[in-house]
Amino acid sequence: MSGGIGSMRKVAELAELAEGRGKRVEIGDEKILLVRDGDAVRAYAAACPHAGAPLDEGAVCDGRIVCPWHKGAFRVSDGALLEPPALDALARYPVRVDGDGAVLVSPEKIAPEPARRAPDARAVVIVGAGAAGTAAAAASREFGFGGSVALVGREPGLPYDRTSLSKFVVSGEMPPGEVPPLRLPGFFEEQRIERIESEVVRLDALAKRVHTADGRSLPYDAALVVTGGAAKRLSIPGADLPGVHVLRDRADAAGILAGAREGARAVVLGASFIGLEAASALRKQNVEVAVVSPEPVPFGKQFGPRLGSMFKELHEANGVAFRMGAQASRLDGDGHVEAVVLEDGTRLAADLVVAGVGVRPATSFVHGLALAEDGGVPVDAGMRAAADGLYAAGDIALFPLFEGAEPTRIEHWRVAQQHARIAARNMLGGSERYAGVPYFWTYHYGKRFDYLGHPTEWDDVVVDGDTGEHVFVALLVKERLVAGALGCQRERETAILSERMRAPLPVGEALRLVRSA
Ligand SMILES: Cc1cc2nc3c(=O)[nH]c(=O)nc-3n(C[C@H](O)[C@H](O)[C@H](O)COP(=O)(O)OP(=O)(O)OC[C@H]3O[C@@H](n4cnc5c(N)ncnc54)[C@H](O)[C@@H]3O)c2cc1C
Ligand code: FES
């Protein structure tokens with residue numbers, strides 16, 4: 001539809017639009033977000049293009065509209081996409097403010113401008129079609145690249161939302177075949193992105209070529225390696241028994257789902273995010289769940305003992321039994337797993353075992369480039385690896401989070417896509433650097449937790465709200481500055497923090513922000 005102004009109607013008064021948040025109005029079936037931009041007003045689709053969050057429940061901060069659910073961000077002035085996990089700009093509506101301060105909007109969307117792409121002889125090859133790979137392919141076209149783009153991935157079908165697997169597939173709410181694709185069918189053809197379903201068996205960084213299992217040899221001017229993590233397998237006797245699973249891809253989730261019948265007994269090894277999300281999902285299926293982990297509390301390293309205990313108590317209240325400070329020494333079973341035996345000799349009956357014990361970068365096919373000990377790919381803040389035309393992003397990228405920081409790997413969906421957009425810019429000749437705030441979300445028993453920052457140490461934890469009720473923002477504070485934050489059911493507050501933590505944020509200022517949100 002084109003934007004006609006003939007059908008404009010009054011929907012609000014300028015004076016009722018606050019600076020820090022949008023207002024949702026409806027005209028017929030159209031749900032429209034009004035955002036104040038000085039004396040002007042902008043009108044956009046009210047639902048986030050990522051997963052449909054109500055953007056009026058997010059924040060408007062420093063010229064950005066921030067989504068409440070996963071903190072995707074859009075430019076106030078034109079709705080352009082600024083931060084993933086959204087991969088699209090906001091749809092726009094014609095809007096004006098008349099002399100009396102009345103805000104008038106047309107419900108007919110403005111047609112997006114066709115992308116202008118200059119012909120380009122360069123070839124980009126993206127290895128890995130997950131979070132980062134898909135975002136990079138889409139971004140290369142969004143940024144106007146007119147050359148060839150090949151997206152090579154070994155998983156069958158369209159790239160999909162991996163984060164749903166542990167939340168909604170294992171719980172039985174979403175069949176494995178209905179996990180949302182990251183881009184709709186037709187997108188890749190329309191955008192002239194060649195999707196190749198094959199494993200990359202060799203990337204030769206010196207020859208600038210990618211070789212696939214189905215016999216292709218793809219030369220590149222720029223290549224992006226985004227192959228993510230391979231779930232670590234257990235290295236104890238019995239680890240290969242049927243019924244023992246990891247959880248990384250759709251096939252893994254389908255395997256766990258098949259064993260998740262009511263009354264079955266599951267043992268989750270590792271109190272990781274994935275392990276505990278799987279525990280929550282299995283409880284939804286009335287599976288008996290025990291979690292075994294060597295640490296004293298879950299997530300102690302990420303959030304400290306108090307917040308870690310909160311997660312443990314939430315799981316216990318939902319029927320999970322914990323064996324903290326314990327390790328499995330072997331798995332027993334005759335043709336199928338039957339029990340997990342702990343180092344102290346305790347035997348836990350098990351029809352199903354889920355190992356959530358971490359990942360290692362899936363980079364063994366990379367040649368001609370020095371990798372980190374764990375297989376990570378060292379890159380600079382612009383995602384450039386130490387070989388001509390080669391970039392890496394996402395879970396495998398060992399990158400400096402800020403200037404002077406020790407390089408680190410961060411395994412978060414949005415970080416992978418932030419990396420991807422920077423890499424796409426730079427592959428096409430840009431000079432962007434990572435300057436984002438790491439963000440992770442995790443989902444347990446219907447509650448979404450937002451985690452911001454990537455602190456390795458802190459000297460205080462300041463809580464606003466009630467952790468027992470799971471309505472809170474907890475600030476991890478280092479030398480009076482906010483180093484990280486964990487929030488639950490305070491989405492607007494964490495949306496504001498996700499923006500304000502882009503610069504050093506004193507704890508007093510952060511508390512003022514979350515209390516006045
Ligand atoms: C079950 C689960 C739940 C998660 N939930 C959350 C969450 O709630 N929030 C959050 O922030 N993060 C979450 N994460 C982490 C998040 O999914 C990752 O950080 C993110 O997917 C990393 O993106 P990536 O592009 O680097 O790797 P991936 O998304 O893993 O994509 C890599 C792709 O490359 C493919 N590949 C690997 N090797 C090759 C090869 N040789 N040739 C061709 N293709 C190859 C892989 O099969 C895969 O499809 C979750 C992860 C899992 C497994
Ligand atoms: S719904 Fe908005 S970023 Fe996910």
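**Entry 1: helix H8 and what follows**

I looked first at the residue after helix H8 and found Gly 429, with a positive phi near 110°. I note that the coordinates belong to a predicted model.

I then took the span of H8 itself. The helix has 15 residues and reaches 21 Å from its first C-alpha to its last, close to the 21 Å expected at 1.5 Å a residue.

Is H8 enclosed or not? I counted 14 of its 15 residues as buried, so H8 is largely enclosed by the rest of the structure. Buried here means under 20% relative accessible area.

**Entry 2: the second largest pocket**

I turned next to the second largest pocket, which holds about 1,500 Å³ of space. Its lining comprises 50 residues. I recorded those nearest the centre as Ala 80, Leu 81, Asp 88, Ala 89 and Glu 142.

Which elements supply at least two residues each to this lining? I listed strand S8 (81-83) together with the helices H1 (131-142), H3 (187-190) and H8 (413-427). H8 gives the most, with four residues.

I sorted the lining of this pocket by class and obtained 25 nonpolar, six polar and 19 charged residues.

**Entry 3: the cavity**

I asked how many cavities of 30 Å³ or more a search of the whole structure finds. The search returned one. I noted a volume of about 30 Å³ for the largest cavity.

Its lining is formed by Arg 64, Glu 83, Arg 414, Val 437, Ser 498, Glu 499 and Arg 502. By class I entered five charged residues, one polar and one nonpolar.

I compared this list with the element ranges: Glu 83 lies within S8 (81-83), and Arg 414 within H8 (413-427).

**Entry 4: surroundings of ligand 1**

I examined ligand 1 last and found 30 residues around it. The closest are Glu 155, Lys 167, Arg 248, Asp 395 and Trp 441.

Which part of Asp 395 lies 2.7 Å from an oxygen atom of ligand 1, and which part of Trp 441 lies 2.8 Å from one? For Asp 395 I found a polar side-chain atom. For Trp 441 I found a backbone N or O atom.

I also recorded Trp 413, which has a polar backbone atom 3.0 Å from an oxygen atom of ligand 1. Residue 413 falls in the range of H8 (413-427), the helix that also contributes four residues to the lining of the second largest pocket.

Key:
Residues are numbered from 1 along each chain as its sequence is written. Chains are lettered from A and ligands numbered from 1 in the order in which they are written. This is a predicted model: local features need pLDDT of at least 70, side-chain atom pairs count only at pLDDT 80 or more; totals for chains, interfaces and linings use all residues. Side-chain values use heavy atoms; hydrogens and water are left out. On a 1 Å grid over the protein atoms alone, a cavity is a set of points where a 1.4 Å probe fits but cannot get out, and a pocket is an open set with protein on both sides within 12 Å along at least five of seven lines; lining residues have an atom within 4 Å of a point. Grid points are joined across faces, edges and corners, and a volume is the space filled by probe spheres set on the points. Ala, Val, Leu, Ile, Met, Phe, Trp, Tyr, Cys and Pro count as nonpolar, Asp, Glu, Lys and Arg as charged, and the others, Gly among them, as polar. The expected span of a helix is 1.5 Å times one less than its number of residues. Buried means under 20% relative accessible area, exposed over 50%, partly exposed in between (1.4 Å probe, protein chains only). A residue is near a molecule or strand if one of its heavy atoms lies within 4 Å of it. A polar contact is a pair of N or O atoms within 3.5 Å; within protein, one must be able to donate a hydrogen and the other to accept it, and residues adjacent in sequence count only if both atoms are side-chain atoms.
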